[in-house]
Structures are given as structure tokens and as C-alpha cells.
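Good morning, and thank you for joining this session. Please take a moment to look at the sequence and the structure before we go through them together.

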Amino acid sequence: MNTPSALHLACPHCHALNRVPASRLADGPNCGQCHQPLLTGQPLELTVDHAERHISRNDIPVVVDFWAPWCGPCQMMGPAFAQAAAALPQVRFAKINTQNETTLGQRFAIRSIPTMILFVGGREIARQAGAMDTASIQRWIAAGLQKAGR
């Protein structure tokens, strides 16, 4: 699959859409609006207000962890998800609290938590229910990206 010459990235801070030359992605680009880093290596908390922008408008893969604060396995997986985010800065990692964002849980047909979904180009590529460790998360993402031809 050919990589486009410019990529669209939603800012994890102000949610503005940025156009970044693909050749500059490794340089740690900043948002044109708020001047904060576009690739933080940390999970981003998504709400109904800006989830669509991050899932559908990012030209980089997006992994979303659907979780809830009362869920023990979700709490156990949280640090592993954060470690995977730090190891894969070219992938956007996001979390959606299904207790607070019930419409997003319904929209994506979340039946159990934790559930992770890998999106590429706004399309769901892979889905995984249940807690995973860091290495398993990374392997699951790599398999999903290979399936998507990335």
C-alpha cells in the first residue's frame, strides 16, 4: 500500500485537524493551532464530542480501549495499554469510558469490557475483548496492521 505524501492528524490536545508531510512524521510534529505535540505516546481520553474526528479523520492507525472505572480487568490492563502507546508512537491510542460515554459504547456495539478496536482509515480492522498484557497488545496491533496492508 502506498503511503500518502501528507497525513491528516487530529491533535490530542485541541482536536484540530493537521496536515503533516509523511516524511516529517518521525520528527515529532506539533499542532499548527495549539503547538503541542501531535504524537504523544500516551493514550488520549475520547468523548462523544471528538471521538469521530480521531477515529475517522486520522491517517494513522487508532486503537481504542473501551473501558469503565469499576471494571477490574480494565484497571489491570490500563498500564499495559499505556506501555504499548509509549512503544508505538506512530499509532494513536485512545480510551473511551463506556460508563460516561454510553452512546459511543452503543455505537460500536461494545458488549463486554475491556474491548479494544483497531481502526485504520476510520474502518474497524480488528476487535479484541478481554484484558491483555503489553506484548500481547503490540502483537495484536501488528497482526491487525498486517491484515490492513500497513
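Where does D49 lie? D49 sits in the loop that runs between β3 and α1. Please keep in mind throughout that we are looking at a predicted model. Is D49 buried or exposed? Its relative accessibility is 71%, and D49 therefore counts as exposed, the cut-off being over 50%. D49 can also be related to a position further along the chain: D49 and E101 are separated by 52 residues in sequence, while their C-alpha atoms are 9.9 Å apart in space.

Let us stay in this loop for the next residue. H50 is also found between β3 and α1, the latter covering residues 51-57. In contrast to D49, which is exposed, H50 counts as buried, because its relative accessibility of 13% falls under the 20% limit. Which residues does H50 touch, leaving aside those up to four places away in sequence? They are H15 and E45.

H15 brings us to the beginning of the chain. This residue belongs to the loop between β1, residues 6-10, and β2, residues 17-21. The two strands run antiparallel and are joined by five bridges. Within that pairing, A10 stands opposite L17 in β2. The hairpin of β1 and β2 has six residues between the strands, and H15 takes a positive phi near 70 degrees there. I draw attention to this value since H15 is a residue other than glycine.

The side chains of β2 follow an alternating pattern. N18 and V20 point to one face and are buried. L17, R19 and P21 point to the other face and are not buried.

Beyond β2 we meet another histidine. H35 is found in the loop between β2 and β3, where β3 comprises residues 44-45. The phi of H35 is near 65 degrees, again a positive value in a residue other than glycine. Is H35 buried or exposed? Its relative accessible area is 57%, so H35 is exposed.

We now turn to the open sheet. It has five strands in the order β3-β5-β4-β6-β7, and their pairing is mixed. Which strands form the edges? They are β3 and β7, the latter spanning residues 123-129, and each of them pairs on one side only. Starting from the β3 edge, β3 pairs with β5, residues 92-97, in the parallel sense over two bridges. One residue pair to locate here is L44 with A94, its bridge partner in β5.

Moving inward, β5 is also joined to β4, by six bridges, and these two strands run parallel. V63 has F93 as its bridge partner in β5. How many of the residues of β4 are buried? Six of its six residues are, and the strand is mostly covered. The covering applies to both faces: V62, V64 and F66 are buried on one side, and V63, D65 and W67 are buried on the other.

Two helices lie across this sheet. Helix α2 lies across β4, β5 and β6, and runs at about 160 degrees to β5. Helix α4 lies across β4, β5, β6 and β7, and runs at about 35 degrees to β6.

How do these two helices relate to each other? The axes of α2, residues 72-87, and α4, residues 134-147, come within 8 Å and cross at roughly 55 degrees. That angle makes α2 oblique to α4. The crossing of the two helices is right-handed. Which residues meet in this contact? From α2 there are M77, A80, F81, Q83, A84 and A87, and from α4 there are T134, I137 and Q138. Sorted by class, the contact of α2 with α4 has six nonpolar residues, three polar residues and no charged ones.

One last detail concerns the backbone. A cis peptide bond joins I113 and P114, with omega at about -5 degrees. Where does P114 lie? It is in the loop between α3, residues 102-107, and β6, residues 115-120. The strand that follows this loop, β6, is among those crossed by both α2 and α4.

To close, let us return to the loop where we began. There, D49 counts as exposed, whereas H50 counts as buried and touches H15, a residue of the loop between β1 and β2. Thank you for your attention.

Note on methods. Residues are numbered from 1 along each chain as its sequence is written. This is a predicted model: local features need pLDDT of at least 70, side-chain atom pairs count only at pLDDT 80 or more; totals for chains, interfaces and linings use all residues. Side-chain values use heavy atoms; hydrogens and water are left out. Axes are lines fitted to C-alpha atoms, for helices over the stretch in contact, and angles run from 0 to 180 degrees between N-to-C directions. Helices (H or I, at least four residues) and strands (E, at least two) are DSSP runs, numbered from the N terminus. Angles under 35 degrees count as roughly parallel, over 145 as roughly antiparallel, 65 to 115 as roughly perpendicular and the rest as oblique. A crossing is left-handed if the near helix is turned anticlockwise from the far one by less than a right angle, and right-handed if clockwise. Contact means heavy atoms within 4.5 Å. Ala, Val, Leu, Ile, Met, Phe, Trp, Tyr, Cys and Pro count as nonpolar, Asp, Glu, Lys and Arg as charged, and the others, Gly among them, as polar. Buried means under 20% relative accessible area, exposed over 50%, partly exposed in between (1.4 Å probe, protein chains only). Two strands pair if DSSP finds at least two bridges between them.
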